[in-house]
Amino acid sequence: MRDIVIVGAGMAGLGAAESLRSAGFDGTITLVGEEKHRPYSRPPLSKEVLTGRGSPKGVALRDEPEFDALRLDLRLGRRAERLRPAERAVELDDGSALTCDGLVIATGAAPRRPATGLAGVHVLRTIEDAEAVRAELEAVDRMVVVGAGFIGAEVAASARALGVEVTLVEAAPTPMTRVVDPRIGAALTGLHLDHGVDLRLGVGVTGFEGTGRVERVRLADGTAVEASLVVAGLGVETNTGWLAGSGVELAGGVGGVRCDAHCATSLPGVYAAGDIASWPHPRYGGRIRLEHWTNAGEQAAVAAHNLLAGEGARQEYAPVPYFWSDQYGMKVQLLGQAAPADTVEFVHGSVEDRKFVAFLGRAGMLVGVLGLRSTPKVMRYRPLLAEPTAWDDALAAAGR
Ligand SMILES: Cc1cc2nc3c(=O)[nH]c(=O)nc-3n(C[C@H](O)[C@H](O)[C@H](O)COP(=O)(O)OP(=O)(O)OC[C@H]3O[C@@H](n4cnc5c(N)ncnc54)[C@H](O)[C@@H]3O)c2cc1C
């Protein structure tokens with residue numbers, strides 16, 4: 001293996017490049033990224049960058065000497081348009097083609113955008129998005145956030161920290177319902193209410209109105225909310241378009257590229273990692289895809305290892321998933337997995353205290369540990385999730 005191409009210069013792309021070099025790979029690594037920036041961290045965008053506590057310049061994932069030491073053939077501001085599997089060639093948007101012995105797909109995901117054509121309606125994924133929203137937050141008194149997933153919730157919290165009046169609209173009955181049980185959702189509802197958010201739950205958005213710029217948001221219950229700034233947190237679509245016709249199999253259901261337990265795609269020598277990769281996790285009984293910062297780095301390391309390793313030396317990717325979100329100065333953390341139908345047992349604290357640790361169970365097994373303002377306790381239970389642990393044994397470990 002002499003030439004490796006990595007498409008996508010985010011956390012997963014960087015992680016793959018670093019892992020290849022630390023494994024001693026001395027050939028050419030070409031890193032192709034559609035954005036003009038060197039790899040940067042997205043989590044601060046909705047937190048420190050929006051509130052002004054951090055600058056967009058501070059989000060780079062590595063300093064220049066560290067990044068330069070990777071000796072990458074860097075193609076920033078370049079989009080991969082197509083993968084030609086027979087020649088192992090990645091076609092770029094400038095008409096050039098990169099041939100390679102190995103390929104890592106790390107093209108992540110892009111936010112769903114409401115099709116309004118109006119100024120003042122934003123999504124939040126890139127540095128440019130964060131700069132635009134930050135500038136608008138300085139100029140407005142009130143805003144609407146559409147969607148109370150974790151991005152929407154963090155934007156609402158950052159806007160409240162700046163004194164902006166926020167209406168947070170969510171079609172589901174509680175925030176973050178895609179992943180958590182309504183009782184935990186109720187705790188998250190409480191956080192928004194405690195901080196003066198006008199929370200509209202169980203109601204969808206039917207339209208955005210205004211002349212040139214958004215002026216109001218219409219809701220399905222017939223009401224309208226005046227706002228000249230809207231941020232939509234409506235989830236993402238994986239960036240798989242450039243793989244059409246390549247033979248790289250996509251996953252139905254959870255979406256993204258279909259990988260096996262070793263992060264390998266359906267084409268030999270082609271691996272995937274990060275938000276774009278779905279794979280069968282041995283402890284969760286099915287195919288999963290994570291949109292978690294920590295996963296992007298960990299999965300890229302295993303994909304890179306397996307790309308270089310021989311058949312017998314490949315590693316299975318079976319991490320303890322980890323996700324965090326910062327809202328109103330409080331940390332929400334999830335180890336493992338969460339789904340709305342999971343059994344929930346609060347093992348420390350309570351929703352009323354706005355401080356708790358909850359165990360999440362499925363089919364008699366512990367599958368997740370979710371905490372609010374409880375970092376040391378959450379982390380203490382990580383070993384229970386690294387191996388299959390029966391629900392009763394987990395509760396016993398927590399002294400229940
Ligand atoms: C505002 C925000 C806050 C977040 N906060 C948290 C948090 O608190 N905790 C947490 O765990 N996770 C958080 N996340 C999620 C986390 O940032 C993602 O899981 C992580 O960025 C995924 O990394 P990735 O490299 O797989 O994909 P991405 O970060 O999406 O990077 C993929 C890159 O590939 C590029 N690309 C796409 N298509 C092409 C193409 N055809 N050719 C070339 N380049 C292409 C994209 O432009 C992009 O730069 C947050 C995300 C956002 C947006």
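Helices (H or I, at least four residues) and strands (E, at least two) are DSSP runs, numbered from the N terminus. This is a predicted model, in which local features need pLDDT of at least 70 and side-chain atom pairs count only at pLDDT 80 or more, while totals for chains, interfaces and linings use all residues. Residues are numbered from 1 along each chain as its sequence is written, and side-chain values use heavy atoms, with hydrogens and water left out.

**Exercise 1. Find R373 and describe its setting and its phi.**

Step 1: Look in the loop between strand 26 (365-372) and helix 8 (375-380), where R373 is found.
Step 2: Check the backbone; phi of R373 is near 50°, a positive value in a residue other than glycine. Most residues other than glycine have a negative phi.
Step 3: Turn to accessibility. R373 is partly exposed, with a relative accessible area of 37%; here buried means under 20% relative accessible area, exposed over 50%, and partly exposed in between (1.4 Å probe, protein chains only).

**Exercise 2. Work out whether C263 is buried or exposed, and where it lies.**

Step 1: C263 lies in the loop between strand 18 (257-258) and strand 19 (270-272).
Step 2: Its phi is near 70°, a positive value in a residue other than glycine.
Step 3: C263 counts as buried, because its relative accessibility is 0%.

**Exercise 3. Map the chain into its domains.**

Step 1: Mark domain 1 (3-110 + 236-313), domain 2 (113-232) and domain 3 (329-397). These bounds come from an automatic or database domain assignment.
Step 2: Place the centres of domain 1 and domain 3, taken over C-alpha atoms; 30 Å separate them.
Step 3: Set the record beside this. An unreviewed UniProt entry places the feature "domain: Reductase C-terminal" at residues 322-396. UniProt positions are given in the numbering used here, feature names are shortened, and annotations may be inferred rather than shown by experiment.
Step 4: Describe that stretch: over residues 322-396 the chain is 23% helix and 49% strand, and the end C-alpha atoms are 23 Å apart.

**Exercise 4. Trace the surroundings of Q337.**

Step 1: Start in the loop between strand 23 (330-336) and strand 24 (343-350), which holds Q337.
Step 2: Q337 is buried, since its relative accessible area is 16%.
Step 3: List its contacts (heavy atoms within 4.5 Å). Leaving aside neighbours within four places in sequence, Q337 is in contact with Y284, I288, D342, L360, R362, V367 and G368.
Step 4: Pick out R362, whose side chain makes a polar contact with the side chain of Q337 (3.1 Å). A polar contact is a pair of N or O atoms within 3.5 Å; within protein, one must be able to donate a hydrogen and the other to accept it, and residues adjacent in sequence count only if both atoms are side-chain atoms.

**Exercise 5. Which residues come nearest to the ligand?**

Step 1: Of the 36 residues around the ligand, E35, R42, K47, R125 and D275 come nearest. A residue is near a molecule or strand if one of its heavy atoms lies within 4 Å of it.
Step 2: Look at K47; an N or O atom in its side chain is 2.6 Å from an oxygen atom of the ligand.
Step 3: Now look for backbone atoms. A polar backbone atom of E34 is 3.0 Å from a nitrogen atom of the ligand, and a backbone N or O atom of A109 lies 3.5 Å from a ligand oxygen atom.
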